[in-house]
Amino acid sequence: MSGRVGVMGGTFDPIHHGHLVAASEVAYSFNLDRVIFVPTGQPWQKDQTIVSCAEDRYAMTVLATEFDARFEVSRVDIEREGPTYAVDTLTDLTNQLSAEFNGAPELYFITGADALAQILTWRDHERVVELANLVGVTRPGHLLDNPGLADGALTLLEIPAMAISSSDIRHRVRTGHPIAYLVPQAVADYIDERGLYQVEDATE
Ligand code: NAP
């Protein structure tokens, strides 16, 4: 084992095939042993968007990843009180994995490039950069400049499958359009059974 571990941070509301392709591509590009998906903490009002409860987002993430031996799901952000900060995610996982590796793991924090564009505003962002290499995944046609980090701290990767978006899936569910093949079937079934995304949100 190389000790290289991806940390895939996101709201995953819902997780979709773009996220899975992105994790797989980053694992390949950086020779990662595994990728740990970390759904963010308890629902909060985000840009006037109501976020589904953490347990629903966690369950969908487990369903989506269970057939890929490289993928795991962590509850560290769900179980920590208060808002989710990447510095806490990476500190908790470093502590957990250090025991397993008998030394510090090499972490790759993977998330949407849109989110990483704001990194200079994140709590303890200097520490975030110390704890992990940053990988921003972008949708086709969405170019993004380095937000002001040192050379080499951030890699941007374009992932064509990220044309799929969580907000489009929520909109499709609410308006009765199909989501087959955009999300794993088990996730589509879960959304249906739980009656998720029936209420309009501000991104629609
Ligand atoms: P977001 O604002 O909901 O998402 C921004 C964009 O990035 C969306 O287009 C989203 O597409 C995409 N995206 C989000 N996660 C992704 C992933 N893992 N892979 C590919 N694309 C992804 O971002 P967020 O979900 O709140 O935050 C993302 C991560 O950054 C989380 O781990 C969060 O804790 C961290 N973060 C930390 C701070 C901080 O420490 N202060 C602040 C902001 C974010 P989809 O909607 O299709 O996923």
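This note walks through the predicted model, from its sheet to its helices and cores.

1. **Ground rules.** This is a predicted model, in which local features need pLDDT of at least 70, side-chain atom pairs count only at pLDDT 80 or more, and totals for chains, interfaces and linings use all residues. Residues are numbered from 1 along each chain as its sequence is written, and side-chain values use heavy atoms, with hydrogens and water left out. Helices (H or I, at least four residues) and strands (E, at least two) are DSSP runs, numbered from the N terminus.

2. **The sheet.** Six strands make an open sheet with parallel pairing. The order is β5-β2-β1-β6-β7-β8. Two strands count as paired if DSSP finds at least two bridges between them. The edges are β5 (71–73) and β8 (154–158), each with a single partner strand, so one side of each has no neighbour in the sheet. On average, neighbouring strands are turned by 25° against each other, direction ignored. Axes here are lines fitted to C-alpha atoms, for helices over the stretch in contact, and angles run from 0 to 180 degrees between N-to-C directions.

3. **Strand β1.** Start with β1 (residues 4–10). Six of its seven residues are buried, so the strand is largely enclosed by the rest of the structure. Buried means under 20% relative accessible area, exposed over 50%, and partly exposed in between (1.4 Å probe, protein chains only). β1 pairs with β2 (residues 34–39) in the parallel sense over six bridges. There, V5 has R34 as its bridge partner. β1 also pairs with β6 (residues 106–112), again parallel, over five bridges. In that pairing M8 is matched with I110.

4. **The crossover.** β1, helix α1 (residues 17–29) and β2 form a right-handed β-α-β unit. Right-handed means that, with the strands pointing away from the viewer, the path from the first strand over the helix to the second runs clockwise.

5. **From β6 to β8.** β6 and β7 (residues 132–138) pair in the parallel sense over six bridges. F109 has L134 as its bridge partner in β7, and T111 stands opposite G136. β7 is mostly covered, with six of its seven residues buried. β7 then pairs with β8 in the parallel sense over five bridges. One facing pair there is V137 and L157.

6. **Helix α1.** Does its length fit? What should its 13 residues span at 1.5 Å a residue? The expected span is 18 Å, and the end C-alpha atoms are 18 Å apart, which agrees. That expected span is 1.5 Å times one less than the number of residues. Buried in α1 are G18, H19, L20, A22, A23, V26 and A27. Just after the helix, N31 takes a positive phi of about 55°.

7. **Helix α2.** The 12 residues of α2 should span 16 Å at 1.5 Å a residue, and the end C-alpha atoms are 16 Å apart, which agrees. Its buried residues are A54, D56, R57, Y58, M60, T61, A64 and T65. They pack against α1, β2, β5, α3 (76–79) and α8.

8. **The cores.** A nonpolar core is a set of buried Ala, Val, Leu, Ile, Met, Phe, Trp, Tyr and Cys residues joined through side-chain atoms within 4.5 Å. Which residues of the largest core touch the most other members? They are V35 and F37, in a core of 32 residues. Elements giving two or more residues to this core include α1, β2, α2 (54–65) and α8 (185–194). The largest share, five residues, comes from α1. Apart from this core lies another, of 21 residues, among them L107, L116, V128 and A132.

9. **Two residues to inspect.** L116 lies in helix α5 (residues 113–116). L116 is buried, with a relative accessible area of 1%. Leaving aside neighbours within four places in sequence, L116 is in contact (heavy atoms within 4.5 Å) with T111, W122, L134, V135, G136, P147 and L154. H125 lies in helix α6 (residues 125–131). At 18% relative accessibility, H125 counts as buried. Not counting residues up to four places away in sequence, H125 touches I119 and L120.
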